[in-house]
Amino acid sequence: MSRKMKNKVLENLTIERIASEGKSVAHYEGKVVFVSNVAPGDVVDVRVTKGKSSFMEGEAIKIHEYSKDRVEPFCEHFGVCGGCKWQHINYELQLSYKRQQVIDQFQRIAKVPMPEVMPIIGSENTRYYRNKLDFTFSNNRWLTRQEIDSAKEFERNALGFHIPKRFDKIVDIEHCYLQGNISNDVRNSLRVFALANGITFFDMIKQVGVLRNLIIRTTSTGESMVIVQFGEDDKDAVEKVMAFLYDTFPQITSLLYIINLKKNETFSDQEVITYAGQDYIEEEMEGLKFRIGPKSFYQTNSDQAYQLYKVAREFAGLKGDEVVYDLYTGTGTIANFVAKLAKEVIGIEYVEAAIEDAKLNAQVNGIENTLFYAGDMKDMLNDEFIANHSAPDVIITDPPRAGMHEDVVNMLLKLAAPKIVYVSCNPATQARDVALLGEKYAVDIIQPVDMFPQTYHVENVVLLTLKP
Ligand SMILES: C[S@@+](CC[C@H](N)C(=O)[O-])C[C@H]1O[C@@H](n2cnc3c(N)ncnc32)[C@H](O)[C@@H]1O
């Protein structure tokens, strides 16, 4: 049974549970079938989209019985847009599936003795919780099956999100429940303005078109940054668009633009031009100010970032005389957040601009016991670096989804700091690293935190202590 299963319909499968990365699991003749966009408890017919020797993947084409845990999705774009894929599952269950993912990954991959995983810290806001969204302009709007079947003519320009796995197709977004404040108004009125004024939307195949991308960042203090990326250096059109935003939205505190003539939308290597206001926005946490520039990383759910940092701080258990390393420090948020409880905090991060922000953030807050360095972690954290700095008493590490490079893990084993606080957005790679660290460290506490309601993503903090 393998490729020949493709397109076969498997009838009346009961969806049993959620596995890693939010995939729902059923069984057919003893073999695992991963099914998308369903909920545990559903009974469905599944059309196989991929047949491998050890598992199959498929999509539900008919639902015979709906799970009692289903709720009505609140967003009109649900099912088309790749965003909030778990809207059909009630929030309490989303939380329990997320916690279960952590348990599964640690049991399957880490295979080290571990305490019971703590109850997950849920998010008070399950809508409008993001402080950053990235929209794309396209002249190739995604049409739903219903729209195609209606044989009507539709506007083909769109401003919204990429369809999953389709780089060139954009779903036009009317209302997005992820970001509050002025986000929906700015996006929708800019679309109307552009269409009314004949300003072209980007063509991703031909790489032409004036309007390319729109980024909106907001803070809990009411500031907002709007960045427009243009795909052509059309001075008149640029001025029209920016003047429109400036006149219509006086609340924008940082109005920026980029002329991006490259093949992709990433702009870390592009000049960001200030049209009006500051070239940054400022977030606040426990009276600390964090300056966020257009290229800086900042956790996208500010309220839950605070919960996460409080957990990391509590696990670090600082008394005032410790040297702390904050690895993958980004803009130094965690480092600056714990600085007043430590003797010294050393932050290391790949992106130079983020390190500049980290230093600035320390300065803005009058923090004098932090040091920040830019570079690849596996090259930075070496014997010479340790010889030139104090050895760490506590290491806080918050790597990207891929987890830590093996050289970094080996260096942590060599350093043998009494405590490691490991923050991760990917429990699978975290569990892999914890397995390696298990040579010297015991797992003391495992605390999942929900940063992204309505999605399968889960953040997890682990406290590791050096074995006697
Ligand atoms: C999950 S973010 C953590 C940010 C920060 N702790 C915070 O809460 O704002 C991971 C960070 O690791 C950085 N990074 C990724 N790969 C790296 C590497 N090889 N060496 C150093 N830093 C890296 C990224 O630029 C990013 O800022």
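## A loop residue with positive phi

Ala416 sits in the loop that runs between H10 and E20, in a model that is predicted. The phi angle of Ala416 is near 50 degrees, which is a positive value in a residue other than glycine. Most residues other than glycine have a negative phi. Ala416 counts as partly exposed because 13 C-beta neighbours fall inside 10 Å, the cut-off for a buried residue being 20 or more.

A positive phi also appears at Tyr328, where the angle is near 60 degrees and the residue is again other than glycine. Tyr328 belongs to the loop between E16 and helix H6, the latter covering residues 333–338. Tyr328 counts as buried, because 20 C-beta neighbours lie inside 10 Å.

## Domains

The protein is divided into domain 1 (3–65), domain 2, which is made of the two segments 93–125 and 301–466, and domain 3 (132–281). Between the C-alpha centres of domain 1 and domain 2 there is a separation of 36 Å. The contact between these domains takes 4 residues from domain 1 and 6 residues from domain 2. On the side of domain 1 that touches domain 2, the residues divide by class into 1 nonpolar, 2 polar and 1 charged.

## The seven-stranded sheet

An open sheet of 7 strands follows the order E18-E17-E16-E19-E20-E22-E21, and the pairing within this sheet is mixed. Strand E18 (370–374) and strand E21 (441–449) each have a single partner strand and stand at the edges, so that one side of each is left without a neighbour in the sheet. From one strand to the next, the twist averages 15 degrees.

Strands of a sheet pair through backbone hydrogen bonds, either parallel or antiparallel. Two of the pairings can be described individually. Strand E16 (residues 323–327) pairs with strand E17 (residues 344–349) in the parallel sense over 5 bridges, and in this pairing Val324 stands opposite Val345 in E17. Strands E19 and E20 also run parallel and are joined by 4 bridges, with Val394 standing opposite Lys419 in E20.

## Strand E20 and helix H11

Strand E20 is largely enclosed by the rest of the structure, because 6 of the 6 residues of E20 are buried. In a regular strand the side chains alternate between the two faces of the sheet. In E20, Lys419, Val421 and Val423 point one way, whereas Ile420, Tyr422 and Ser424 point the other way, and all are buried.

Helix H11 (residues 427–437) packs on the sheet, where H11 touches strand E20 (419–424), E21 and strand E22 (459–466). The direction of H11 makes about 160 degrees with that of E20. In the loop between E20 and H11 lies Cys425, the residue that UniProt lists for "active site" in an unreviewed entry. Cys425 counts as buried because 20 C-beta neighbours lie inside 10 Å. Leaving out residues up to four places away in sequence, Cys425 touches Arg401, His457 and Glu459.

## Residues annotated as a binding site

The UniProt annotation "binding site", also from an unreviewed entry, covers Gln299, Tyr328, Glu349 and Asp398. Within this group, Tyr328 touches Glu349 and Asp398, and the contacts of Tyr328 further include Met377, Thr397, Pro399 and Pro400, when residues up to four places away in sequence are not counted.

Asp398 is found in the loop between strand E19 (394–397) and helix H10 (406–415). Asp398 is buried, because 23 other C-beta atoms lie within 10 Å. Setting aside neighbours within four places in sequence, Asp398 is in contact with Tyr328, Ile334 and Val423, and of these Val423 is one of the buried residues of E20.

## The loop after strand E15

Gly293 has its place in the loop between strand E15 (288–292) and helix H5 (302–316). Gly293 counts as buried, because 22 C-beta neighbours lie inside 10 Å. When residues up to four places away in sequence are not counted, Gly293 touches Asp279, Tyr280, Ala353 and Asp357. Gly293 and Glu282 are 11 residues apart along the chain, and their C-alpha atoms are separated by 8.7 Å.

Key
Residues are numbered from 1 along each chain as its sequence is written. This is a predicted model: local features need pLDDT of at least 70, side-chain atom pairs count only at pLDDT 80 or more; totals for chains, interfaces and linings use all residues. Two strands pair if DSSP finds at least two bridges between them. Helices (H or I, at least four residues) and strands (E, at least two) are DSSP runs, numbered from the N terminus. Axes are lines fitted to C-alpha atoms, for helices over the stretch in contact, and angles run from 0 to 180 degrees between N-to-C directions. Two residues are in contact if their C-beta atoms, placed from the backbone, lie within 7 Å. Domain bounds come from an automatic or database domain assignment. Ala, Val, Leu, Ile, Met, Phe, Trp, Tyr, Cys and Pro count as nonpolar, Asp, Glu, Lys and Arg as charged, and the others, Gly among them, as polar. UniProt positions are given in the numbering used here, feature names are shortened, and annotations may be inferred rather than shown by experiment. A residue is buried if 20 or more other C-beta atoms lie within 10 Å of its own, exposed if 12 or fewer, and partly exposed in between; C-beta atoms are placed from the backbone.
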